[in-house]
Amino acid sequence: MIRNLWRLTIIVLSLSFAFATIDNAWQKLEQGEIQASLIAFKNSAENNDADAAFIYGMLLLEPSLKNYNPQKGRFWLQRAADEGNAKAAYNLAYLYLFEWAELENAQAQLQFYLTKAQRAGLVEASLFKLAYSLDHSAVLGSMTAEESIVEIKNAYQLAQIPLTHYYMGLLYLYADQLQTDIPYDLNQAAEHLEAAFNGGVLKAAFALKELYQKQSEESGANSKKQAFYEDFVDQHGYSLLY
């Protein structure tokens, strides 16, 4: 379920596209006319609209929909990626790491599409290895602390989005334990981590809980924010990490 919601979130993020030819399809999707929107996206995708091919492929990969078809979904994502859609390439890399890891040549396909997304400048792709190498080092390889820091800085320069705010916040929070030119600064850490949390990166709650605990130890005051994040983490637990 969590991964299904994640996919739909990726579709929402694609609102930044220019919908010259798929605006009607998107409108139908927002109105809940799923079948009509699928037909409209498919028609645009067949006319070489890479954005429509991406969305159509993602919808076909959603198990809750009547037209769920992983093979066709993969085909349309690959077509979108081949036509230059970076989000399609990123999603293919993600799916080859998790959902399709048992398929033939899955590792080669993962690296191929991840490289495509990175070369297109998609910031999420530049953080892919950092996000998943700890649990999937056999596929992605491991990263040193120095390599991780460089990757975070480069990604943040590319785009100041919730995910890059999250990693920058971690650098400020743990700078006293790292060899980095970034100073240990709880205020800067809070600014970045709050931006990440408010932008939907809910796992930032763990770091914010620790941050406000540190601040309360230094000041002797138990802040409302500390209590909020303690309650939030206690309520949701490790489900926030997935």
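Begin by selecting helix H11, residues 145-158, together with helix H12, residues 162-173: in this predicted model, their axes come within 9 Å of one another and cross at roughly 135°. Because an angle that is neither under 35 degrees nor over 145, and not from 65 to 115, counts as oblique, H11 is oblique to H12. If you turn the view so that one helix lies in front of the other, the crossing in which H11 passes H12 is a left-handed one.

Next, show the side chains where these two helices meet. On H11, select Ile149, Ile152, Ala155 and Tyr156, and on H12 select Thr164, His165, Tyr167, Met168 and Leu171, since these are the residues that make the contact. Colouring this selection by residue class will give 7 nonpolar residues and 2 polar ones, with no charged residue in the contact of H11 with H12.

Now zoom out to the whole protein chain, where there are 15 helices and 0 strands. Of the 242 residues in the chain, 45% are buried. If you display contacts between residues at least 6 apart in sequence, 54% of them join residues at least 24 apart.

Finally, colour the chain by pLDDT, for which the mean is 82, with 82% of the residues reaching 70 or more. Then select residues 1-21, over which pLDDT stays under 50, although the model has 40 contacts beyond four places in sequence for this stretch. Those contacts should be read with the pLDDT of residues 1-21, under 50, in view.

Terms used: Residues numbered from 1 in each chain as written. Predicted model: local features only at pLDDT ≥ 70, side-chain atom pairs only at ≥ 80, totals over all residues. Heavy atoms only, no water. Axes fitted to C-alpha atoms, helices over the stretch in contact; angles between N-to-C directions. Helix = DSSP H or I, 4+ residues; strand = E, 2+ residues; numbered from the N terminus. Left-handed = near helix turned anticlockwise from the far one by under 90°. Contact = heavy atoms within 4.5 Å. Nonpolar A, V, L, I, M, F, W, Y, C, P; charged D, E, K, R; others polar. pLDDT = per-residue confidence, 0-100. Buried < 20%, exposed > 50% of the residue type's maximum accessible area, 1.4 Å probe, protein only.
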